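Reader: I want to learn how to read helix packing and burial from a set of coordinates. Can we work through a case?

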Amino acid sequence: MNAGLMAKIRKIATFMEETRNEMGRTIDPPTRRAAAVAVIENPYAGKYVEDLSLLMVIGEELGELLTTRAVAALGIPASSVESYGKAAAVGEDGEIEHAAAILHPKLGAPVRRVLGKGAALIPSSKKCGGMGVLLDVPLGHKDAAFVRSHFDGMEVRINDAPRANEIVVVVAVTNSGRPLARVGGLTKDQIKGEDGLR
Amino acid sequence: MHEVRVRKRVTVVEEIFHEGGPVSSVPLKRAALLAVIHNPFAGAYVAEIAGFMDDLKPLGLEMARTLVAALGGDPKIVEAYGKGAIVGAAGELEHGALWHVPGGYGMREILGGAKAIVASTKKVGGPGTRLDVPITHINASYVRSHFDSMEVGLADAPRADEILLALVMTTGPRVHARVGGLRAAEIQGEDGLR
């Protein structure tokens with residue numbers, strides 16, 4: 001599992017949730033959200049380190065690994081993924097900036113490479129916390145951030161992570177927007193897909 | 001037209017001085033305003049709900065105003081924002097989506113024309129449910145130093161027929177921001193992205 005990777009991975013978990021009925025109404029086809037989660041060792045735990053470049057490389061590795069896993073869990077072609085998000089939780093011997101170093105500089109490029117597109121910003125969240133801390137992964141349409149039907153979020157939790165010297169990293173993908181979207185705004189068939197917004 | 005019935009409001013202000021590194025001369029502030037309202041659509045599927053977005057606009061404005069006051073009263077110190085919603089057990093996820101327009105509208109009004117999309121998330125959950133509200137720069141979504149989030153929640157909300165609405169604002173970058181990318185000083189500020 002760790003062969004050739006800088007990331008020291010303790011475990012990987014994949015979640016796939018499928019909503020078949022919401023508020024008494026059948027959802028057909030069901031909406032699916034999937035999240036792939038890696039629990040890794042924090043190389044900078046316990047001390048303040050100025051240069052965080054190793055975590056940026058680890059972010060790049062996890063971008064590819066987790067997106068591939070999450071898409072596989074969705075069970076659809078990567079090109080059919082509609083929305084995405086990412087998040088990280090840092091154990092108590094780390095700082096919030098460690099999450100930023102994983103998520104922001106390099107993780108996005110391999111996500112987009114796996115999906116084949118992704119003009120929009122990848123929505124994200126981050127926190128420091130103990131084992132079992134909850135992460136809400138924000139979700140937005142991958143090609144147009146203003147598609148209102150796809151504004152969403154997925155809750156992820158690993159009961160035994162992060163330990164003090166660990167980081168939990170999540171990539172989430174979906175096959176659709178909310179199950180019963182009906183609050184107007186930009187719809188996916190109106191996407192121009194040029195600026196990542198509309 | 002539905003009445004907006006607020007059961008309670010809670011303001012949370014965090015002041016962050018350091019996180020293991022150099023102590024900041026000006027602490028970062030993150031503030032959240034939470035309002036617990038009655039969900040007029042709880043308990044049954046209602047097809048037409050979008051009108052409630054207009055009903056919520058005054059509340060969005062008032063919450064944004066209160067939040068700025070909690071940060072000292074000057075809207076100019078607000079550099080990043082986010083919003084979220086937790087829908088109680090008798091509601092559906094889509095009821096949380098009703099907060100996008102009024103929550104964003106309220107903050108833009110009070111902050112004087114912020115250009116970037118307001119980051120957001122939502123979920124359905126019981127009392128005590130926590131929500132990580134994502135945070136991004138008010139004028140340029142790609143400002144890397146301002147990507148952040150704030151965990152919020154209340155022990156006694158949302159009840160089954162309630163929605164917990166959240167607005168969040170911060171006064172600057174993460175306290176030890178140092179992972180490169182677009183900086184606030186480099187914002188062109190035309191497209192809301194860079």
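Author: Start with a helix pair. This is a predicted model. In chain A, α1(A) and helix α2 (residues 96–103) pack at an angle of about 50 degrees, with their axes 6 Å apart.

Reader: What is the general idea behind those two values?

Author: Two packed helices are described by the angle between their axes and the distance between the axes. Here the angle makes α1(A) and α2(A) oblique to each other. Their crossing is right-handed.

Reader: Which residues of α1(A) and α2(A) meet?

Author: From α1(A) come A:L55, A:M56, A:I58, A:G59 and A:L62. From α2(A) come A:H98, A:A101, A:I102 and A:L103.

Reader: At what angle do α1(A) and α3(A) pack, and how far apart are their axes?

Author: The angle is about 35 degrees, and the axes of α1(A) and α3(A) are 7 Å apart. That crossing is right-handed. On the α1(A) side, the contact uses A:E60, A:G63, A:E64, A:T67, A:T68 and A:V71. On the α3(A) side, A:G108, A:A109, A:P110, A:V111, A:V114 and A:L115 take part.

Reader: Now burial. How do I read a helix for a buried face?

Author: Use the helical repeat. An α-helix has 3.6 residues a turn, so residues three or four places apart point the same way. Then take helix α3 of chain A, residues 108–115. Its buried residues are A:G108, A:P110, A:V111, A:V114 and A:L115. Seen down the axis of α3(A), these buried residues fall within an arc of 170 degrees, so they line one face of the helix.

Reader: What covers the buried residues of α3(A)?

Author: The cover includes α1 (53–74), β3 (83–90) and β7 (166–174) of chain A. Check the end of the helix too. α3(A) is followed by A:G116, whose phi is positive, near 85 degrees.

Reader: Take one residue of that helix. Is A:L115 buried or exposed?

Author: Count the neighbours. A:L115 has 20 other C-beta atoms within 10 Å, and 20 or more is the cut-off for buried, so A:L115 is buried. Leaving out residues up to four places away in sequence, A:L115 touches A:T67, A:A78, A:S79, A:V81 and A:K142. Sequence separation is a further check. A:L115 and A:T68 are 47 residues apart in sequence, but 8.8 Å apart in space, C-alpha to C-alpha.

Reader: And a strand residue?

Author: Try A:A87, in strand β3 of chain A. A:A87 has 29 C-beta neighbours inside 10 Å and counts as buried. Its contacts, apart from neighbours within four places in sequence, are A:S124, A:S125, A:K126, A:L135, A:V137 and A:V170. Now compare sequence and space for another pair. A:A87 and A:N21 are 66 residues apart in sequence and 27 Å apart in space, C-alpha to C-alpha.

Reader: Let me turn to the backbone. Where are the cis peptide bonds I should look at?

Author: Look at omega. A cis peptide bond joins A:D28 and A:P29, with omega about 0 degrees. A:P29 is in strand β2 (residues 25–41) of chain A. Another cis bond joins A:A161 and A:P162, again with omega about 0 degrees. A:P162 sits in the loop between β6 (152–157) and β7 of chain A.

Reader: Which residue other than glycine has a positive phi, near 55 degrees?

Author: That is A:M23. A:M23 lies in the loop between β1 (9–22) and β2 of chain A. With 18 other C-beta atoms within 10 Å, A:M23 is partly exposed.

Reader: Step back to the whole chain. How do I read the fold of chain A?

Author: Begin with the order of elements. Chain A has three helices and seven strands. Along the sequence they run β-β-α-β-α-α-β-β-β-β. The radius of gyration of chain A is 17 Å, close to the 16 Å that the globule rule gives for 198 residues, so chain A is as compact as a globular protein of that length. Its C-alpha atoms fill a box of roughly 50 × 35 × 30 Å along the principal axes. Of the 198 residues, 56% are buried.

Reader: What share of the contacts in chain A join residues at least 24 apart?

Author: The share is 79%, among contacts between residues at least 6 apart in sequence.

Reader: How does chain B read?

Author: Go through the list again. Chain B has three helices and seven strands. Its pattern is β-β-α-β-α-α-β-β-β-β. In chain B, 54% of the 194 residues count as buried. The C-alpha trace of chain B spans about 50 × 35 × 30 Å along its principal axes.

Notes:
Residues numbered from 1 in each chain as written. Chains lettered and ligands numbered in written order. Predicted model: local features only at pLDDT ≥ 70, side-chain atom pairs only at ≥ 80, totals over all residues. Helix = DSSP H or I, 4+ residues; strand = E, 2+ residues; numbered from the N terminus. Buried ≥ 20, exposed ≤ 12 C-beta atoms within 10 Å, placed from the backbone. Arc of directions from axis to C-beta. Contact = placed C-beta atoms within 7 Å. Axes fitted to C-alpha atoms, helices over the stretch in contact; angles between N-to-C directions. Parallel < 35°, antiparallel > 145°, perpendicular 65-115°, else oblique. Left-handed = near helix turned anticlockwise from the far one by under 90°. Rg over C-alpha atoms; globule rule 2.2 N^0.38 Å.
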